[in-house]
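Student: Could we go through this structure together? I would like to learn where its labels come from.
Tutor: Gladly, let's take the labels one by one.

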Amino acid sequence: MKTLSRLVISCLLAAFLGLCGIVFAQSSGIASLRNAAVDEPVNLGNLYQQVEQRMQRNYRQQPPLIPHGISQYQIDLRTNQCLSCHDWTKAGERNAPTLSMTHYLDRDGYELDHVAGTRYFCNQCHVPQVAAPDLVNNLFRSSASTN
């Protein structure tokens, strides 16, 4: 009986404190990060366009940047739309660069006829490039520019 009454008191106390927290949050004037109501449209400002050309790499072994938009590409466990152009079986007819042979090696170094599972999700290394200002100050210089 004592355990049941303690449980009921604990639940009531938790509910009361939760309700107090909600009331405090509502009355403290917490501002939205959008500075707008949820249902209010917000102007997104400048949308930067995709750079539609191949870019030079800044260091050895840098994965190539993607010179086209990929927002509509499906990449999941069942489908990888990048492979519809860049797989070695289709790259020639699509006039697209083929994947490096390292993409066809499994983790033990054996050659495969299909893209290895460790290289299947392209956008974990390759990213699209847009002409946008730096978000933070960047002092990076490629090794070729320091000679």
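Tutor: The protein has 3 helices and 0 strands, in the order α-α-α along the sequence. This is a predicted model, where local features need pLDDT of at least 70 and side-chain atom pairs count only at pLDDT 80 or more, while totals for chains, interfaces and linings use all residues. Residues are numbered from 1 along each chain as its sequence is written, and side-chain values use heavy atoms, with hydrogens and water left out.

Student: What makes a stretch a helix or a strand here?
Tutor: Both are DSSP runs numbered from the N terminus: a helix is H or I over at least four residues, a strand is E over at least two. P64, for example, falls in the loop between α1 (2-27) and α2 (83-86), and N80 also lies in the loop between α1 and α2.

Student: Why is N80 called buried?
Tutor: Buried means under 20% relative accessible area, exposed means over 50%, and partly exposed is in between (1.4 Å probe, protein chains only). N80 has 8%, so N80 is buried.

Student: And why does P64 count as partly exposed?
Tutor: P64 has 32% relative accessibility, which lies between the two cut-offs, so the label is partly exposed.

Student: What is N80 in contact with, leaving aside its neighbours within four places in sequence?
Tutor: Contact means heavy atoms within 4.5 Å, and N80 has such contacts with Q74, I75, Y120 and C122. On the same terms, P64 touches R57 and H126. P64 and C125 are 61 residues apart in sequence, yet their C-alpha atoms are 8.5 Å apart in space.

Student: What makes the reach from the N80 side chain to the backbone oxygen of Y120 a polar contact?
Tutor: A polar contact is a pair of N or O atoms within 3.5 Å; within protein, one must be able to donate a hydrogen and the other to accept it, and residues adjacent in sequence count only if both atoms are side-chain atoms. The N80 side chain reaches that oxygen at 2.5 Å, so the distance fits the limit. The side chain of N80 also reaches the backbone nitrogen of C82, at 2.9 Å.

Student: How do you know that Y120 and F121 form an aromatic pair?
Tutor: The structure holds 1 aromatic pair, and this is the one: the ring centres of Y120 and F121 are 5.2 Å apart, with 90° between the planes. Rings of Phe, Tyr and Trp (its six-membered ring) pair if their centres lie within 6.5 Å; planes under 30 degrees apart are stacked, over 60 edge-to-face, and the rest tilted. The pair is therefore edge-to-face. Y120 is buried at 16%, whereas F121 is partly exposed at 29%.

Student: Why is there no bond between C82 and C122?
Tutor: A disulfide is a covalent bond between the sulfur atoms of two cysteines. Here the label needs two cysteine sulfur atoms within 2.5 Å. The closest cysteine sulfur to that of C82 is in C122, 3.9 Å away, so the two are too far apart for a bond. C85 is in no disulfide either, as its nearest cysteine sulfur, that of C82, is 8.8 Å away. The structure holds 0 disulfides.

Student: Are C82 and C85 buried or partly exposed?
Tutor: C82 has 11% relative accessibility, so C82 is buried, while C85 has 25%, so C85 is partly exposed.
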